[in-house]
Amino acid sequence: MNETLPSILLVEDDYLDIMSVERELRKLNINLPLHIARNGREALSMLKGEGQAPLNPLPSVVMLDINMPKMNGLELLTEIRNDVDLQYLNVFITTTSMEDSDRTKAEDLEVSGYIEKPLTFDTFGHQSSSRIDSFSLFLDLLKLKN
C-alpha cells in the first residue's frame, strides 16, 4: 500500500514565525511533511520544479506570508492562480498586515483563509474574522491527520 502522504508548504521568511507554525502543528498532533520556502520565488520553484525536483505530490495546504523579499505572498498567489497545474491549491494567508487592500486582493485571488499573526489555533470561539479563518484552517488540517 503506497499512499501519498499529504503535506504542507509554509512560505515564510521569519524564522520565529516558522517555529511558531511548527509548534502549533505539534500541539495539534499533526505530523505531516512541512516544506519551507523563505520567499515566493523559492516557493514557486519548489512547486514547479524549477532548478530542483518539484514537490510531488503538491502540498495539500499552502500557508503563505504576504510580506517577503524577492516575491511577496500576493505576487505568489497571483502566479499560483494563473497556473493551470497549481490554481486549485488550498492557500491560507498568514500575515501581520492589517491593510484592507491586502485582504481584498487575497480574497479576489480566492484564498481559503486569512490568518493574522501571531499564529495560534487555540483561541477559537472569538468573534474576530481571523479566528474564524483559523478555525477553517484547523478543520482542513484535521482532515490531513489520518
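**Close-up views of a predicted model**

**View 1. Asp65 sits in strand β3.** Let's start inside this predicted model. Strand β3 covers residues 61-65, and Asp65 belongs to that strand. With a relative accessible area of 4%, Asp65 is buried, because the label applies under 20%. In a UniProt record, an unreviewed entry, Asp65 is listed for "modified residue: 4-aspartylphosphate".

**View 2. Asp65 has contacts from several parts of the sequence.** Which residues touch Asp65, if we leave aside its neighbours within four places in sequence? They are Val11, Glu12, Asp13, Gly73, Thr94, Thr95 and Lys117. As you look for them, recall that Asp65 itself is buried.

**View 3. Lys48 and Asp83 form a salt bridge.** How many salt bridges does the count give? The count comes to 1, and the partners are Lys48 and Asp83. Their closest N and O atoms are 3.2 Å apart. The pair links distant parts of the chain, with the two positions 35 residues apart in sequence terms. Lys48 lies in helix α2 (residues 40-48), while Asp83 is in the loop between α3 (73-81) and β4 (91-95).

**View 4. The two salt-bridge partners differ in exposure class.** Are Lys48 and Asp83 buried or exposed? Lys48 is partly exposed, with a relative accessible area of 35%. Asp83, at 13% relative accessibility, counts as buried, because buried means under 20%.

**View 5. Tyr15, Leu16 and Met19 make a nonpolar surface patch.** Now move to the surface, where these three residues form a patch of about 330 Å². One of them, Leu16, is found in helix α1, which spans residues 15-27. Is Leu16 buried or exposed? Leu16 is exposed, with a relative accessible area of 60%, because exposed means over 50%.

**View 6. The whole chain combines 5 helices and 5 strands.** Stepping back, we can count 5 helices and 5 strands. Follow the sequence along and you meet the pattern β-α-β-α-β-α-β-α-β-α. The chain has 146 residues, and buried residues make up 46% of them. Among contacts with a separation of 6 or more, 63% are between residues 24 or more positions apart. On the outside, the chain exposes about 7800 Å², and carbon and sulfur atoms supply 48% of that area.

Note on methods. Residues are numbered from 1 along each chain as its sequence is written. This is a predicted model: local features need pLDDT of at least 70, side-chain atom pairs count only at pLDDT 80 or more; totals for chains, interfaces and linings use all residues. Side-chain values use heavy atoms; hydrogens and water are left out. Patches are made of residues with over 30% relative accessible area and no salt bridge: like charges are joined within 9 Å, nonpolar side chains (Val, Leu, Ile, Met, Phe, Trp, Tyr) within 5 Å. Accessible areas come from the Shrake-Rupley method with a 1.4 Å probe; for residues, only the protein chains shown count as cover. A salt bridge is a side-chain nitrogen of Lys or Arg within 4 Å of a carboxyl oxygen of Asp or Glu. Helices (H or I, at least four residues) and strands (E, at least two) are DSSP runs, numbered from the N terminus. Buried means under 20% relative accessible area, exposed over 50%, partly exposed in between (1.4 Å probe, protein chains only). UniProt positions are given in the numbering used here, feature names are shortened, and annotations may be inferred rather than shown by experiment. Contact means heavy atoms within 4.5 Å.
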